[in-house]
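Here's a quick tour of one protein model, written for someone who likes to poke at coordinates. Have a look at the structure first, then read on.

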Amino acid sequence: MKKSSAVAFSLVITAAFAQSPNSNNGAAAFDQVVDRAITQETTLLKILRGEHPIAETYIQDMGPDPDFGAVPVDDHYFLGKLDLSRGVTTESFIPKSKAASGVGSLGAFSRLFAAQYLPRGFAQMLLIDGAQFDRAHYDFEYVKREFLGDVRTYVINVAPKKDAGAGRFTGRIWVEDREFNIVRFNGTYTKPHMGQVYIHFDSWRVNCGPDLWVPFETFSEESDLPYALGIRKLHFKAVTRVWGFTTAEDRHQSEFTNLTVDLPSVRDSSDQAADNSPVESLRAHQREGEDNVLDRLEKANLLAPPADVEKILDTVVNNLVVTNELNIVPEVRTRVMLTTPLESFTIGHTIVISRGLLDTLPDEASLAAVLAHELAHIALGQEIDTKYAFSDRVLFDDEAVLQKFRFARPQSEEDAANAKALELLQKSPYNEKLTQAGLFLKALAAAANRLPNLIRPLFGSKLAANNNILRMSALIEGAPQLQKTRTDQIAALPLGARTSLDPWSDRLRMIKMRPTPLLSAREKMPFELTPIYLHLTYESAADARLGGETRVDPQ
Ligand SMILES: [Zn+2]
C-alpha cells in the first residue's frame with residue numbers, strides 16, 4: 001500500500017467496521033475479512049472437488065467493421081464435463097469428428113492454444129487459485145465497499161507475493177459481508193509459461209443455498225493480445241458458463257423419498273376403459289421412448305428441468321394448436337436445452353429449443369415461427385424412432401450423449417414442415433407480425449457465415465448453411481430490409497438476453513428486462529456475447545435473483 005493512502009484507508013476501514021465490537025482498529029478488522037474469505041474459498045474448493053458440472057465456452061473472434069468498430073468474424077465452441085477433483089480438467093462432449101472440424105477453423109487460436117488447453121484454460125478462470133489462495137502467496141489491499149445488486153461487498157486488491165511462482169491470480173475480489181464468500185473476481189494470472197497466454201477475465205458467482213456461492217459465468221475479452229512472437233494481435237470475447245452441480249439423480253432421489261406420500265395405493269380407473277387399443281399401445285410405446293430420451297438429456301444436465309419458461313413456450317404452442325384446431329394426442333410439450341448453439345427439434349411430441357436460440361429471438365412472433373415449424377413435424381406425424389422405448393438404449397456415459405442422440409431430419413421432412421408451419425402461422429394470431437420473424441432470419445443469414453459454431457446444431461437440423469436459411473425461408477420475402485445501423489430495428493438479440501440459469505439446480509428463468517433505449521447501433525449486438533454484470537441477491541430472495549441484470553432491452 002502506498003503511504004499517501006494510508007490515512008484514508010484507516011479512516012474508511014474503521015468506519016466500515018464500526019459496528020463490530022471486537023475490532024479496535026480497521027486494519028485488524030480487514031485482516032479478519034481476508035482470513036474469512038480465504039477460509040470460505042478453501043471450503044468452496046472442497047465442495048467443488050466432488051462435483052462434475054457442465055462447462056460451456058463460446059468464443060467470438062472480433063474483426064474491424066466500419067459501422068460498429070468490431071464485429072464477430074469467427075467463433076469457437078466447447079462443451080464438456082468439468083472434473084474439479086484434480087485441479088481443473090474437462091472431458092469434451094463434442095465428438096472427435098466435430099471437434100476436428102471446429103479446430104480446423106480455429107486459425108490463430110489453434111496455433112495459440114493446443115486443442116486440449118483451450119477448454120481447460122477457460123474453465124480455469126472459475127477458480128481464483130486452485131491450490132494456494134492464502135496469505136503466504138498473496139498480498140491484500142482494501143479498496144472500498146460496493147453493492148453488487150442487493151449484496152454488500154468489500155472490494156479488495158489481490159497481488160501475488162514476489163516469490164509466489166507462476167500462474168497466480170492478480171486483480172480484484174469482491175467479498176460479500178455476511179459470510180465473507182468471494183462473489184466476483186476480476187483480473188488475470190501472472191507469469192505464463194513459454195507458449196502460453198493468460199487472458200483477462202471477470203468471473204461471477206451466485207448464491208445457490210445457505211452460505212453457498214458457486215461459479216456461474218466468466219467473461220473474457222482481449223482487444224490486442226500479442227501472439228506469434230508479438231507479430232499479430234488477438235481480438236476476441238468469450239463467455240464460460242458452468243451449470244449442473246446437482247444431477248437429475250439427486251433431484252429424483254428426493255422425489256423417491258416422497259413417492260409413498262404422493263401416490264395413492266390403488267389407482268382410481270373407474271372412468272377409463274380397462275384395456276388399451278393397438279393405437280393407444282403404440283402411442284404409449286412412443287411416449288415412453290420420448291420420455292426416456294428426455295430423462296437421459298436431463299440426467300446429462302443438458303436439458304433444463306421443466307419450470308416457468310416452458311409455460312411461456314407452451315402458451316405459444318397452445319395458441320397455434322387452438323387456432324388451427326389441431327387435435328394432437330398425447331399433448332405437445334416444450335423443453336429447453338441449456339446449450340448455446342441455435343437449434344430446435346422434436347423428440348416425439350416434445351418440442352426442444354436451445355437456450356441460445358430462445359435468447360436471440362426478438363419477439364413472440366419469431367418464437368411462434370420456430371415453434372410452428374416443430375409443431376408441423378408433429379402434426380405431419382413425423383415421429384422419432386421408437387427404439388428408445390427400450391430402456392437399455394439410453395444407458396451410456398454422459399460424454400457420449402452427442403454421439404448417441406441425433407434428431408436431425410432429412411431435408412424432405414424439413415421442407416414439408418416448413419410448408420405446413422406457414423399454414424399454421426397464417427391461421428394464428430401471429431399472422432400479422434411475421435415480418436419480424438422474417439427479419440430475424442435475415443439477420444441469421446447475415447451472421448451465419450461468420451459464426452459457424454453458433455449455427456452448428458448439437459442435436460437437430462441446421463437452421464442455415466453458409467448464408468442460406470434452411471428454416472422457414474419463405475418468411476424472409478415479407479420482411480423489410482435489414483437496417484444494421486438503425487437503433488429502432490432490432491432483428492436479433494445478443495446471447496444471454498432473455499434467460500438466466502440457476503447453476504446448482506439447472507432451473508432456467510426469464511430475465512426481467514428494464515426497457516433500455518439504445519444509444520447507438522453498436523449496442524444492438526445481434527448474436528453477440530456481451531459482458532456480464534449480474535444483479536446479485538441472497539438465496540432467500542431467489543425468485544428475484546438475477547432479475548435486474550443490466551442488459552439491453554430492445555423492446
Ligand atoms: Zn425441422
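## A parallel strand pair

Val336 sits across from Ile353 of strand β13. This is a predicted model, so treat what follows as a reading of that prediction. The pairing here is between strand β11 (residues 333-337) and β13 (residues 350-354): the two run parallel, with five bridges joining them.

How much of β11 is tucked away? Four of its five residues are buried, so the rest of the structure largely encloses this strand. As a rule, side chains in a regular strand alternate between the two faces of the sheet.

## The zinc site

Over at the metal, three protein residues supply donors to the zinc ion: His373 and His377, each through NE2, and Glu414 through OE, all lying 2.0 Å from the ion. Read along the chain, the donor spacing is H-x3-H-x36-E. His377 belongs to helix α11 (residues 364-379) and Glu414 to helix α13 (residues 411-426), so to speak a link between distant parts of the chain, 37 residues apart. His377 and Glu414 are both buried.

## Helix α14

Does the length of α14 (residues 434-448) come out as expected, and what should it be? With 15 residues at 1.5 Å each, the helix should span 21 Å, and its end C-alpha atoms are indeed 21 Å apart, so the two agree.

This helix is also mostly covered, with eleven of its 15 residues buried. Among them are Leu434, Leu439, Phe440, Leu441 and Leu444, along with Gly438 and several alanines, including Ala437 and Ala443.

Technical notes
Residues numbered from 1 in each chain as written. Predicted model: local features only at pLDDT ≥ 70, side-chain atom pairs only at ≥ 80, totals over all residues. Heavy atoms only, no water. Donors = N, O, S within 2.8 Å, 3.2 Å for Na, K, Ca; no water. Buried < 20%, exposed > 50% of the residue type's maximum accessible area, 1.4 Å probe, protein only. Expected span 1.5 Å × (residues − 1). Pairing = 2+ DSSP bridges.
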